[in-house]
Structure formats: C-alpha cells, structure tokens
Amino acid sequence: MIETTAALEDACRALAQSDFITIDTEFLRETTFWPQLCLIQMASPTVEVLVDPLAKGLDLSPFFALMADPKVIKVFHAARQDIEIIHHLGGLVPHPIFDTQVAAMVCGFGDSVSYDQLVQRISGAQIDKSSRFTDWSRRPLSDKQLEYAMADVTHLRDVYLSLKEQLEREGRASWLTEEMAILESPGTYDIHPDDAWLRLKSRLRKPQELAILKFVAAWREREARSRNVPRSRVLKDDAIYEIAQQQPKDTEALSRLRTVPKGWERSSSGTGVIEAVNAALALPKAEMPHAPKSSRSPEGTGAAVELLKVLLKLISDREGVAAKVIANTDDLEKIAAEGEMAEVAALHGWRRELFGDTALQLISGGVALRFVDRKVEAVTLTGDAD
C-alpha cells in the first residue's frame, strides 16, 4: 500500500514505462456530493500497486501526471465514474483511454457486461465479490479487501489484451476510438448548475413553471456542491416540482407547501429558494424556457419502429455487436419519424455504416425483411440481398 508521495512518484515512474496500465478506484458517495476517493488500484504487465489517497500528507500529483501522459493507454472498466473523480480532484481527463465495458459491447459480449462476467468469459477466472459492498474509508483495510481491490486491475490486463486483439482482428478499433472521444471530453463531466434542471423528470409545460424549475434546480446544485452533500439533502425533487407549480414568493407561501418541512422556510435555504423563485418570475417572457413541442408522429411510425427493432436485432446478432451500443428505442423512433433528418448517433460514423443506412432504406422501401429457413433476412429490393 503506497502511503507517501515519494513512493507514489517511484510507482508512477515504473508504471509509465508500459504501453498501457489498468486502473480502478474505490470511493464512497452516500453522504457527499463529490465522491470521496478511498483507494486507487493500478497495474502494468510488470507492476501492481495500491495507493491510499487518505494517507496523511500524500500528494496525488504524480498520479495525475501519469493520467495525463499521452504515451500510456489508461484502461478502465465502466470508466465514467472513475474519470469523474480524477477530473474533479486533478482538473483533467485521462488520455488516451480504453473502456473495456464499451469494447466488450462492440465485441459482442452483450449490453453493459459486468467486470466479473467479462473476466470469467475471457480468462475463466472467478472473482470473489464478497468485498464489493464495503466501507473503503475505514483503516486498516483487511487482506481480503486488498486482494479484491487488486483483482480489479490484475485481471483487467488480460481482458484488455484480449479485447484489443479482437478489435484489431475484426477491423473495429476505430469504432472504439469514436466512443472514447465522448469519455475523454471534459464537457462530459463539466455540468453547469444552470443545466441541472434538464436532468429532472418533470411534466411541467408552462414557461413560468419551467423558469422556476430551472432557477431552483440551479440553486440546489450550487448549494449541494458548496456544502458537499447529496442534492436530496438540500431539497428533494418533489419539493422542486411543487415549488415550480405553486410559485411561492414569500416565506408564508413557502411554509404552506406540503413537501417543505415545518420551519424550513425560515432557514437560509428557504431564503435562497424564495430568491430563486422571484428571480425566475422576473424574467422577461422571451427569456423563459419552453418545453419542447410535442410533435405527432406520422401515421405508420409505430409499425416502422417495430420493423427497425427486428433489423437492429438481425444486424447486432450477425455482426456480434450489442444492440444497445448501436441504437436505442428513442433513436429508432426518431429514424422512423424523421428519416435522414433524425439527429441520432445511429446515423453517424460506424453505426451508420453498420446499421443506419440499411435502416433508412428499410423505412423508405428500398429494403425488405423476409423470413426464410427459420431466420430473418434483410433484402435489397433493387439489388442483391443485404
């Protein structure tokens, strides 16, 4: 277990000699807004280390420098949360990266395959999962916990090499590069408080209600970040919806709401919410947000979506690529309703080559589906079978 900056510098120097390293983190987030980093695991073909970020006086700068080293591929499984932590603490996004969960979907291992399933299928090894749900902030960590944590990166070496070889053999390495560009973009992790309302599932439609929803959600986001507590500890979603509908402009009106605890309206948080509501109501009508217009899908769209689902399964099975990584139901609905004008990932890059072009031909009548010899085929009506 590395607990000093000097030891971390030595380890990172040794790890940087490899073309790739595998990385995982253990963290807690139940009582905080930002994840509390509790352990870092890293391995190269010849080096295996555990780093204790909770060790007194430990400076993680050598670790962040390694994450930024363009000569070393950083291998994660389900990278988003690990990268979010690194981005928050180090102000950077690791580059270049390789996410084995995404690679596994491209290689036909199914939708969102778990790490232990992937390890078992590729190497045959069984991972002891009994330490998965544990308090990683407590010290000392047991030998069993440390063994579990190290296994998260040692087995990942074999998984990476196997998937990398398969991608290159099947000519799909560029497909993964497109996917990694999203994970490597700082914009994926820089969520502005003013955009927090977009994550809320609300049926509100009136501009004034949406303006209050936006302003109160932004206030909550800033409060949660500054106090480092979960959003729900500041204000629950149901309370935001009721505030947006009832539009309380003063303490008395706020106190009458069902979702607001008694006396909360007199707190600094209550004052902040009232200020957010009044600021939203003061917006000129032209500056208030509007709900997207609900457009009625053209007649026959539902049937077209069902055909597209069959085509998607046909192609995903044939090509050995998880259907989820090619397109989802929303994508199919947009393609059915808007055709070439649909702004979906399935009509760009490798997805278009694999599925999108055939999907457009299907809904325009250029391709038909037929059932022959107990299997579905896509047939080009003006030429050879697809």
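Strands here are DSSP runs of E with at least two residues, numbered from the N terminus. Keep that in mind for what follows, and keep in mind too that this is a predicted model.

By that rule, V376 sits in strand β7, which covers residues 375–380. With a relative accessibility of 31%, V376 is classed as partly exposed, because that class runs between the 20% and 50% limits. V376 also has company at the surface: together with V310 and F371 it makes up a nonpolar patch. The accessible area of the three residues together comes to about 260 Å².

Now to the aromatics. How many aromatic pairs does the structure hold? There are six. Two of them are set out here.

| Pair | Centre to centre | Angle between planes | Geometry |
|---|---|---|---|
| F63 and F64 | 5.6 Å | 55 degrees | tilted |
| F98 and Y160 | 4.8 Å | 85 degrees | edge-to-face |

The F98 and Y160 pair ties together parts that are 62 residues apart in sequence, because F98 belongs to strand β5 (residues 97–99) and Y160 to helix α6 (residues 143–169). Are these two rings buried or exposed? F98 is buried, with 8% relative accessible area, and Y160 is buried as well, at 2%. Both values fall under 20%, so both residues earn the label. F20 comes into the picture too, forming one aromatic cluster with F98 and Y160.

As for the pair of F63 and F64, the 55 degrees between the ring planes is why it counts as tilted: edge-to-face would need over 60. Both F63 and F64 are buried.

On to a piece of sheet. Strand β2 (residues 36–43) pairs with strand β3 (residues 48–51), running antiparallel and sharing four bridges. A hairpin of four residues makes the link from β2 to β3. If you want a spot to look at in this pairing, try I40, which stands opposite V51 in β3. In a regular strand, side chains alternate between the two faces of the sheet.

Finally, the annotation. Which residues does UniProt list for "domain: HRDC"? The entry, which is unreviewed, gives residues 206–287. In the model, that stretch of chain is 66% helix and 0% strand. The C-alpha atoms at its two ends are 13 Å apart.

Definitions and conventions:
Residues numbered from 1 in each chain as written. Predicted model: local features only at pLDDT ≥ 70, side-chain atom pairs only at ≥ 80, totals over all residues. Heavy atoms only, no water. Patch = residues over 30% accessible without salt bridge, like charges linked within 9 Å, V, L, I, M, F, W, Y side chains within 5 Å. Areas by Shrake-Rupley, 256 points an atom, 1.4 Å probe, with all protein chains shown as cover. Salt bridge = Lys/Arg side-chain N within 4 Å of Asp/Glu carboxyl O. Buried < 20%, exposed > 50% of the residue type's maximum accessible area, 1.4 Å probe, protein only. UniProt positions renumbered as here; feature names shortened; annotations may be inferred. Phe/Tyr/Trp six-rings, centres within 6.5 Å; stacked < 30°, edge-to-face > 60°. Pairing = 2+ DSSP bridges.
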